[in-house]
Amino acid sequence: MRILVTGGCGFIGSNFIRYILQHYKPAYMTNVDALTYAGNLANLDGVVEEHGERYEFFQADIANADQMDTLLHEEQFYAIINFAAESHVDRSINSPQNFIHTNVVGTSVLLQTPPAGTASSVSSRSRPMKFTVR
Ligand SMILES: NC(=O)c1ccc[n+]([C@@H]2O[C@H](COP(=O)([O-])OP(=O)(O)OC[C@H]3O[C@@H](n4cnc5c(N)ncnc54)[C@H](O)[C@@H]3O)[C@@H](O)[C@H]2O)c1
């Protein structure tokens, strides 16, 4: 079972990744993060050393439909957990474009991109679940 986490280098996402890898042994985690001012690779220090191939990282923007389309067709994810966000309220007031880009456009890209395994040719598989956090 592979789970896609977006914004996994932020506060909530990095703790979520650590928790799942530690407590749900069959799970594999893919982290997609644009590494904005809020993202910090150091939040996941030691994860590769501890969990090896169960964790992988891609630097990408969730609002980039081509990148998300490629990723979602390369791997079949059991679930998408969307933590990628402009989470600082003050910044979203001063710079609403960034908020709209990630929280609105990015979320809609994730919702609109059909995950692998949902094409009509793969009718025997159930549709992966999606969760979003706002
Ligand atoms: N921090 C809290 O206490 C809290 C509580 C409840 C809900 N939440 C929600 O959880 C989510 C994450 O919060 P957080 O505190 O971890 O935020 P954060 O600012 O610490 O992390 C956000 C992450 O998203 C990444 N990101 C931003 N734009 C991106 C894009 N376009 N594409 C890919 N990655 C992008 C950043 O690089 C960063 O790593 C938000 O939706 C927030 O509202 C947070």
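# Close-up views of a predicted model

**View 1. Helix H5, end to end.** Helix H5 covers residues 96-112, and its 17 residues reach 22 Å from the first C-alpha to the last, close to the 24 Å expected at 1.5 Å a residue. Keep in mind that this is a predicted model. Look for valine 105 here: a kink of about 25° in H5 is centred on it. Four residues of H5, namely Thr102, Asn103, Gly106 and Leu110, are buried. What do the buried residues of H5 pack against? Their partners are helix H3 (65-74) and E4.

**View 2. The whole chain, for orientation.** Before zooming in again, here is the overall layout. The chain holds five helices and five strands, and reading along the sequence gives the pattern β-α-β-α-β-α-β-α-α-β. Of the 134 residues in the chain, 30% are buried. Take the contacts with a separation of 6 or more: residues 24 or more positions apart account for 76% of them.

**View 3. Strand E2 and its neighbours.** Strand E2 runs over residues 28-33 and is mostly covered, with five of its six residues buried. Strand E1 (residues 2-6) pairs with E2 in the parallel sense, over five bridges. To get from E1 to E2, the chain passes through helix H1 (residues 11-23), and this β-α-β crossover is right-handed. Two of the E1–E2 pairs are handy landmarks. Arginine 2 has tyrosine 28 of E2 as its bridge partner, while leucine 4 is partnered by threonine 30 in E2. E2 is also joined to strand E3 (residues 55-59) by five bridges, and these two strands run parallel. Here asparagine 31 is the residue to find, standing opposite phenylalanine 57 in E3.

**View 4. Strand E1, with E4 alongside.** Like many a strand legend, this one starts with burial: E1 is mostly covered, and four of its five residues are buried. Four bridges join E1 to strand E4 (residues 79-82), and the two run parallel. Leucine 4 is worth a second look, since its bridge partner in E4 is isoleucine 80 and its bridge partner in E2 is threonine 30. As a general reminder for reading such views, side chains in a regular strand alternate between the two faces of the sheet.

**View 5. Isoleucine 20 on helix H1.** Isoleucine 20 sits in helix H1. Is isoleucine 20 buried or partly exposed? Isoleucine 20 is partly exposed, because 19 other C-beta atoms lie within 10 Å and a buried residue needs 20 or more. Leaving aside residues up to four places away in sequence, isoleucine 20 touches Ile3, Ala27 and Met29. Isoleucine 3 lies 17 residues from isoleucine 20 along the chain, and their C-alpha atoms are separated by 9.6 Å.

**View 6. Around the ligand.** Now for the ligand and its shell. How many residues surround the ligand? There are 24, and the closest are Gly7, Gly10, Ile12, Ala38 and Gly39. Two elements, H1 and H5, give two or more residues to this shell. H1 gives the most, with three residues.

Terms used
Residues numbered from 1 in each chain as written. Predicted model: local features only at pLDDT ≥ 70, side-chain atom pairs only at ≥ 80, totals over all residues. Buried ≥ 20, exposed ≤ 12 C-beta atoms within 10 Å, placed from the backbone. Pairing = 2+ DSSP bridges. Right-handed = clockwise from strand over helix to strand, strands pointing away. Contact = placed C-beta atoms within 7 Å. Expected span 1.5 Å × (residues − 1). Bend = angle between axes of the 7 residues up to and from the residue. Near = placed C-beta within 6 Å.
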